[in-house]
Each structure stands twice: as structure tokens, then as C-alpha cells.
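Good morning, and thank you for coming. Please look at the structure on the screen, and I shall then take you through its contacts, its core and its sheet.

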Amino acid sequence: MQTFKVDGMTCGGCVRGVTNAIQRIDPQSTVQVDLATKTVKVDSALPCAQIVDAIKTAGFDVPDMA
Ligand SMILES: [Cu+2]
């Protein structure tokens, strides 16, 4: 389980956007988004850099993983 702080998520559409972006690169992954804490938990075999890339490409910021 990998945990990422993600900025810019404000609604259910953002949650879907982040979730879809990650599941596009790893359809087997499990993604849990907590809007209140801006936390995205990902259960995936992919390296975290690839997951961060997918989140950023979807239009969100991952400030701790520049
Ligand atoms: Cu939104």
C-alpha cells in the first residue's frame, strides 16, 4: 500500500479522475481517495514514480513527490 498526498481534489469528479488515471496504468490496482485529508492510498505493484506521473497527468499536484 502506497500513500500519496494529492492537492487539487475538490469533488467526486476529482476522485474519479484520480482513480481512473491510476487504474488506467494498473487495472488491478485498488485506489482509495480521502478528500478530507487529500490522501490517495494505492494498492499496486507499480513503482510510486509511475503512479505519481499518472496523478499529475490527470491534472493534480503531488507536492511531496516533486
Ligand atoms: Cu472535482
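Which residues does A54 touch, if we leave aside residues up to four places away in sequence? In this predicted model, A54 is in contact with A21, I22 and I25.

Two of these residues, A54 and I22, also belong to the largest nonpolar core. That core has 12 residues in all. The others in it are F4, V6, M9, V18, V33, V40, V42, I51, I55 and F60. Two or more core residues come from each of α1, β3 and α2, the last of which spans 48–57. Of the elements, α2 makes the greatest contribution to this core, with three residues.

Let us turn to the sheet. As general background, strands of a sheet pair through backbone hydrogen bonds, and the pairing may be parallel or antiparallel. Here we have an open sheet of three strands in the order β1-β3-β2, and the pairing is antiparallel. Why do β1 and β2 each have one side without a neighbour in the sheet? Because β1 (2–5) and β2 (30–34) stand at the edges, each has a single partner strand. From one strand to the next, the twist averages 20 degrees.

Now consider one pairing in detail. Strand β3, residues 39–43, runs antiparallel to β1, and four bridges join the two. Within β3, V40 is the bridge partner of F4. Both F4 and V40 appear in the core I listed earlier.

Finally, where does helix α1 lie? Helix α1, residues 12–25, lies across β2 and β3, and runs at about 155 degrees to β2. Thank you for your attention.

Conventions
Residues are numbered from 1 along each chain as its sequence is written. This is a predicted model: local features need pLDDT of at least 70, side-chain atom pairs count only at pLDDT 80 or more; totals for chains, interfaces and linings use all residues. Two strands pair if DSSP finds at least two bridges between them. Axes are lines fitted to C-alpha atoms, for helices over the stretch in contact, and angles run from 0 to 180 degrees between N-to-C directions. Two residues are in contact if their C-beta atoms, placed from the backbone, lie within 7 Å. A nonpolar core is a set of buried Ala, Val, Leu, Ile, Met, Phe, Trp, Tyr and Cys residues joined through C-beta atoms within 7 Å. A residue is buried if 20 or more other C-beta atoms lie within 10 Å of its own, exposed if 12 or fewer, and partly exposed in between; C-beta atoms are placed from the backbone.
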